[in-house]
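Reader: I am a first-year student, and I would like a close look at the aromatic rings in this model. Please walk me through them, and then show me a few other spots worth a glance.

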Amino acid sequence: MQTTSPVGVDPAPEQTEPSTTTFHPAPGNEALCAQASEVTALPVSPGLYNIDLAPTKVKGRRWTGYSIFTLWANDVHSLGNYAFAVGLFSLGLGGWQILAALGIGAVLLFGLLSFSGFMGHKTGVPFPVMSRISFGIHGAQIASLLRGAVAIAWFGIQTFLASVVFRVMLVAMFPGLKELDSNSILGLSTLGWITFALLWIIQLIIVSFGMEMIRKYEAFAGPVILVTMVLLAVWIFIEARGAIQWSGIKGLEGGEMWRTIFAGGALWVAIYGTFVLNFCDFTRSSTSKKSIVRGNFWGIPINMLLFGAIVVILAGGQYKINGTVIESPSDIIQSIPNTLFLVLACLAILILTIAVNLMANFVAPVYALTNLLPKHLDFRKAAWISGTIGLIILPWNLYNNPLVIVYFLGGLGALLGPLFGVVMADYWLLRRGKVNVPELYTADPAGSYFYKKGVNPKAIIAMLPAAAVAILVAFVPALEAAAPFSWFFGAGLAAITYYLISDRSQRYNDVSGEPIAVVSSH
């Protein structure tokens with residue numbers, strides 16, 4: 001059950017003053033929890049708390065507005081996003097229509113990600129801990145493992161796609177290697193195994209150094225990607241003699257055109273349905289709320305419009321050159337006649353894909369596994385386990401099986417909307433941002449987030465019907481016209497249901513996690 005203010009009065013809207021006791025984390029999880037228990041006068045559980053799951057201290061946070069901007073500078077310009085946006089061109093949308101679709105999605109994402117980011121900045125906790133607020137200290141495993149499972153699969157797939165670019169680069173540099181690319185071992189050639197393994201190891205080494213190394217890598221990769229994609233667009237524009245296909249190739253008009261535009265914007269939001277959930281994994285180390293707003297503003301609406309302009313030039317310019325519609329920038333890169341420029345472009349794509357994987361597909365499962373076994377796993381160990389799972393599932397076979405991509409990963413993705421709806425409705429509508437952070441780490445039945453045996457049944461009740469609706473809308477042929485909006489159906493229905501069945505007269509304590517926080521250096 002939720003605890004109420006003992007005197008029946010709402011606490012102040014700001015967090016309570018942190019304890020004056022200095023908290024110096026001791027080595028060993030048991031000792032760490034003992035110290036945290038002493039500081040808070042709560043039985044902090046080793047099954048809920050460790051150095052990686054603890055709140056981050058306000059002082060020493062390093063994720064600035066530029067750090068957050070570079071997250072989006074990398075992620076927005078991923079190969080998968082280009083393939084999606086070019087697909088809008090194939091559907092018949094012209095230049096301004098593609099920009100309108102991406103603009104609609106960008107405005108929605110700016111709002112969703114800002115609210116999600118504010119949660120991380122205030123509490124300083126990662127997503128698995130954040131989800132304890134609404135799902136309970138044990139029910140949160142559902143949310144974090146679901147998000148982590150989707151990410152692990154996509155980590156493997158993205159690494160495989162990057163290895164394909166790596167193979168193109170190596171063959172261009174050393175044509176004799178082409179002989180190693182003609183056989184098949186468990187679905188991958190010898191050269192394919194070599195390139196996949198190298199990229200797999202590089203990513204694991206980077207992530208082994210923790211979130212600070214990821215921040216530094218993103219800051220390095222962001223400008224490289226932006227410059228590369230702009231130069232590629234300029235090259236195509238010159239090759240097309242300044243002419244691009246500005247109007248749609250199918251001549252969509254009226255209602256059909258606008259439905260496709262809004263569907264494109266909705267799908268753009270759904271693509272980031274994973275990220276809006278665990279954005280707090282990054283903003284828990286943000287320097288201020290203003291840094292989140294600045295980073296999101298330049299990284300989402302502004303950067304996404306630049307992305308849209310590049311898409312229009314690449315797709316429209318290539319169509320003017322030879323009448324073909326590209327599937328992704330990789331098609332253009334492979335046609336670069338100069339070996340040096342081709343190699344440089346391939347290197348940039350590799351840098352990009354690693355950056356996207358680290359932020360979108362590595363951090364979430366690492367925190368999910370750490371949350372599952374906090375006594376035994378830290379960030380580094382969880383990273384190696386996550387990466388190993390991403391290898392042994394042979395992700396290239398998943399990618400080459402449309403049924404797996406559409407129904408398994410697509411089905412899991414459809415569940416993320418209801419998760420987001422419950423978490424956001426609970427935090428913003430019911431609690432109004434009031435969280436007792438120390439009690440997120442106690443298994444005491446009297447704790448605020450114990451609910452019933454550690455699970456909040458109302459969150460489950462709200463999520464399951466909404467998830468069923470989202471899956472039906474996404475996959476039932478008769479509902480094809482509404483399919484692009486399935487994420488919104490799931491999120492909206494879950495949020496409304498949770499709000500209606502919850503006790504809206506409940507009063508909540510707002511207690512800072514600063515007394516048990518650790519320095520944001522991992």
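Author: What follows starts with the rings and then turns to a helix and two loops.

Keep in mind that this is a predicted model. The structure holds 30 aromatic pairs. Take one of them, Trp72 with Phe279. Their ring centres are 5.4 Å apart, and their planes meet at 50°. That angle is neither under 30 degrees nor over 60, so the pair counts as tilted. Where do the two partners sit? Trp72 belongs to helix H2, residues 65–75. Phe279 is in the loop between helix H11 (275–278) and helix H12 (280–283). The two are 207 residues apart, so this pair links distant parts of the chain.

Buried or exposed? Trp72 has 0% relative accessibility, so Trp72 counts as buried. Phe279 also comes out at 0% and is buried too. The cut-off for buried is under 20%.

Now a second pair, Trp96 with Trp258. Here the centres are 5.9 Å apart and the planes stand at 65°. The pair is edge-to-face, because an angle over 60 degrees counts that way. Trp96 lies in helix H4, which spans residues 95–123. Trp258 lies in helix H10, residues 254–271. The partners are 162 residues apart in sequence, so the pair ties those parts together.

How covered are these two rings? Trp96 has 39% relative accessibility and counts as partly exposed. Trp258, at 40%, is partly exposed as well. Both also belong to a nonpolar patch on the surface. The other members of that patch are Trp246 and Phe262. Together the four residues have about 450 Å² of accessible area.

Go back to Trp72 and Phe279 for a moment. They are part of a cluster linked by ring pairs. Trp63, Tyr82, Phe84 and Trp268 are in the cluster. So are Tyr272, Phe275, Phe282 and Phe307.

Next, helix H1, which covers residues 29–40. Ser37 is found there. With 19% relative accessibility, Ser37 counts as buried, because the limit is under 20%. The Ser37 side chain reaches the backbone nitrogen of Val44 at 2.9 Å. Setting aside neighbours within four places in sequence, Ser37 is in contact with Leu42, Pro43 and Val44.

Leu32 lies in helix H1 too. Leu32 is buried, at 3% relative accessibility. Val44 turns up again here. The C-alpha atoms of Leu32 and Val44 are separated by 9.3 Å. Along the chain, these two residues are 12 residues apart.

Last, two loops. Most residues other than glycine have a negative phi. Which residue goes against that in the loop between helix H7 and helix H8? Look at Leu186, with a positive phi of about 55° although it is not a glycine. Leu186 sits in that loop, between helix H7 (140–173) and helix H8 (190–208). Its relative accessible area is 57%, so Leu186 is exposed.

Lys453 is the second case. Lys453 has a positive phi of about 55°, and it is not a glycine. Find Lys453 in the loop between helix H18 (402–430) and helix H19 (457–475). Lys453 is exposed, with a relative accessible area of 74%.

Methods: Residues are numbered from 1 along each chain as its sequence is written. This is a predicted model: local features need pLDDT of at least 70, side-chain atom pairs count only at pLDDT 80 or more; totals for chains, interfaces and linings use all residues. Side-chain values use heavy atoms; hydrogens and water are left out. Patches are made of residues with over 30% relative accessible area and no salt bridge: like charges are joined within 9 Å, nonpolar side chains (Val, Leu, Ile, Met, Phe, Trp, Tyr) within 5 Å. Accessible areas come from the Shrake-Rupley method with a 1.4 Å probe; for residues, only the protein chains shown count as cover. A salt bridge is a side-chain nitrogen of Lys or Arg within 4 Å of a carboxyl oxygen of Asp or Glu. Helices (H or I, at least four residues) and strands (E, at least two) are DSSP runs, numbered from the N terminus. Buried means under 20% relative accessible area, exposed over 50%, partly exposed in between (1.4 Å probe, protein chains only). A polar contact is a pair of N or O atoms within 3.5 Å; within protein, one must be able to donate a hydrogen and the other to accept it, and residues adjacent in sequence count only if both atoms are side-chain atoms. Contact means heavy atoms within 4.5 Å. Rings of Phe, Tyr and Trp (its six-membered ring) pair if their centres lie within 6.5 Å; planes under 30 degrees apart count as stacked, over 60 as edge-to-face and the rest as tilted.
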